[in-house]
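Visitor: I'd like a close look at a single part of this protein. Please walk me through it, then set it in context.

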Amino acid sequence: MTATGLATQGSLRARYESWRDELAIAWASPAVRRGVVGATLLLAGALSPAYLPGFSPLRSLTSPFLGNWAFQTAVASLMLVGVVVLFDAWLRLRPRAGVETLVTARATLTWWCLPLLVAPPLFSSDSFSYAAQGRLVSEGIDPYQYGPLLGPSNFRELVDPLWLYTPAPYGPWALQINRIIVDFTGGNAWWSAVLMRLPALVGVGLLFWALRRLAATFGVDPAKAVWWGVLNPVVVMHFIGGSHNDSLMVGLGAVALVLAAEGFVGGSAAMLAVAALVKQPIGFLLPATIALALAHRHGTPRPRFQDVVRGSLASGAAFAGTFVAGTLMSGLGFGWIGAAGVPGSVGSLSPSTNLGKLLEWTLGALHAPASAIALAMPSARVLVVVVGLGLTAYFALRCLHDASRAPAYICWGMLAVAACLPALQAWYLLWGGVFIGLVALSAHQERIVLILMVAVLGYSTIDAVFRTGLVSFVILGVAGVALTLLTRRRLADPVEEFDRTVGEAVRTEFGRLHR
């Protein structure tokens, strides 16, 4: 073997040993093991008719019990407890000054992901929609024109009825990724849906890589950025458990931000376009990539106005050129433009929809004309979009004027984008929420964020439990209130101690692993 080959083999062996040590150190923490228990309970809680179609190999294991309300309540209870345990484990791993937790973050995420790799898609049936859309592409049917109803019966069995008749609103590359996975499984509907978790895992991995570098750029603690943005139970539950293509979109968008922070004006815009080819809303990060790239290139967070104009034109051209070229390469065209309104057409818990329903109810109570009531929903949606885009524009202009404000735009601007859309899902909040560790928050603000997180986790769990049946829903509703009361002390004092034993182990091992 050549010297180069020996060096490569030695490097691989060293990496393997380092990775093995990281896993061992992480496993030494009771909090990490507690998180594994929580993730395993989520897996067990998914063994219900709500998540297991008739063609699932797991269904045969539980088929004698699936119609029994006691069994349904039991598995739903496991899911509820799993969410609480995972959240508690995450709080216990909060980084503290003087303790190097970043070295075990990657291993911790690995341990928490392992039970979910073989789990059915959790908290949403979107993975079954992805698989059905991928099958349409594989059969030469345009998913921007037709819904999953045209696909084989096994592919559409667990597609949410709301989406059976609707075309796909996603970017063309997302649909081609779905098609590749379906073809790879040989057209197996179950494994196609389960393997939709692979691009989601890639997205989370890219996000982990990018957050560490962005934290260094913005002068914040990398361990805290990773704790908020990757180990977060909402990320674990929805990006990994739910296998949403938002994960790959956000991960690629985060890579674009890293390229921008290193001064690549056109390259960062092109990478952002690649992310938008998966899902389009990430394109709103373009002002942040422009600001960061110009700040690095000109050596100041406040470049001249003419530099901003030139940089914006160059970035816009790179973004548009890459997006158009990528769309043409996909062979699916721009049909997503016509399908962009699909998510809002089926209704959701978005602010605009809720405001529209409130206006409809108010006008109805006042016996307003039917024409006025009919205008309530579209008027509310236009109003919320205007407000949301106004907030996004405000953060974008501040970011372009001073790149040091980029974290605020990346986080709050993307949250405003998610909130102003006609459709809002829990995982949409992660578009900006994963970057919250890059923003300087006071203890009071962090407590508010944690409370909002509990609300998101609670909503996601209630929605999941409701799928198992009304009896389970009522029983676990009472249990959920009790558990909330039991955990209120933890929320009141969110700065939990990092487990002392693993803290000492990391101090001892950190130097050896990175000599």
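In which loop does Tyr165 lie?

Guide: A caution first: this is a predicted model. Tyr165 sits in the loop that runs between helix H7 (153–156) and helix H8 (172–184). Its relative accessible area is 61%. The cut-off for exposed is over 50%, so Tyr165 counts as exposed. Tyr165 also has partners at the surface. Together with Tyr146, Leu149 and Leu150, Tyr165 makes a nonpolar surface patch of about 440 Å².

Now follow the chain from that loop into helix H8, which holds Ile180. Ile180 has a relative accessibility of 47%. Partly exposed covers the range between under 20% and over 50%, so Ile180 is partly exposed. Ile180 and Gly134 are 46 residues apart along the chain. Their C-alpha atoms are separated by 7.5 Å.

For contrast, turn to a buried site. Thr392 belongs to helix H20 (residues 370–401). Its relative accessibility is 4%. Buried means under 20%, so Thr392 counts as buried. Leaving out residues up to four places away in sequence, Thr392 touches Phe284, Tyr409, Gly413, Ala416 and Val417.

Helix H20 also has a packing partner in helix H19. The buried residues of H19 pack against H20. Those buried residues are Ser352, Thr353 and Gly356. They cover an arc of only 100° around the axis, so they lie on the same side of H19. The length of H19 can be checked too. H19 (residues 351–365) has 15 residues, which should span 21 Å at 1.5 Å a residue. The end C-alpha atoms are 21 Å apart, so the two values agree. Just after H19 comes His367, with a positive phi of about 60°.

Step back to the protein chain. Its secondary structure comes to 26 helices and 0 strands. The chain has 515 residues, and 52% of them count as buried. Take the contacts with a separation of 6 or more: residues 24 or more positions apart account for 77% of these. The chain exposes about 22100 Å². Carbon and sulfur atoms supply 67% of that area. Back at the starting point, Tyr165 is one of the exposed residues, and the patch it helps to make is nonpolar.

Definitions and conventions:
Residues are numbered from 1 along each chain as its sequence is written. This is a predicted model: local features need pLDDT of at least 70, side-chain atom pairs count only at pLDDT 80 or more; totals for chains, interfaces and linings use all residues. Side-chain values use heavy atoms; hydrogens and water are left out. Patches are made of residues with over 30% relative accessible area and no salt bridge: like charges are joined within 9 Å, nonpolar side chains (Val, Leu, Ile, Met, Phe, Trp, Tyr) within 5 Å. Accessible areas come from the Shrake-Rupley method with a 1.4 Å probe; for residues, only the protein chains shown count as cover. A salt bridge is a side-chain nitrogen of Lys or Arg within 4 Å of a carboxyl oxygen of Asp or Glu. Helices (H or I, at least four residues) and strands (E, at least two) are DSSP runs, numbered from the N terminus. Buried means under 20% relative accessible area, exposed over 50%, partly exposed in between (1.4 Å probe, protein chains only). Contact means heavy atoms within 4.5 Å. The expected span of a helix is 1.5 Å times one less than its number of residues. The arc is that of the directions from the helix axis to the C-beta atoms.
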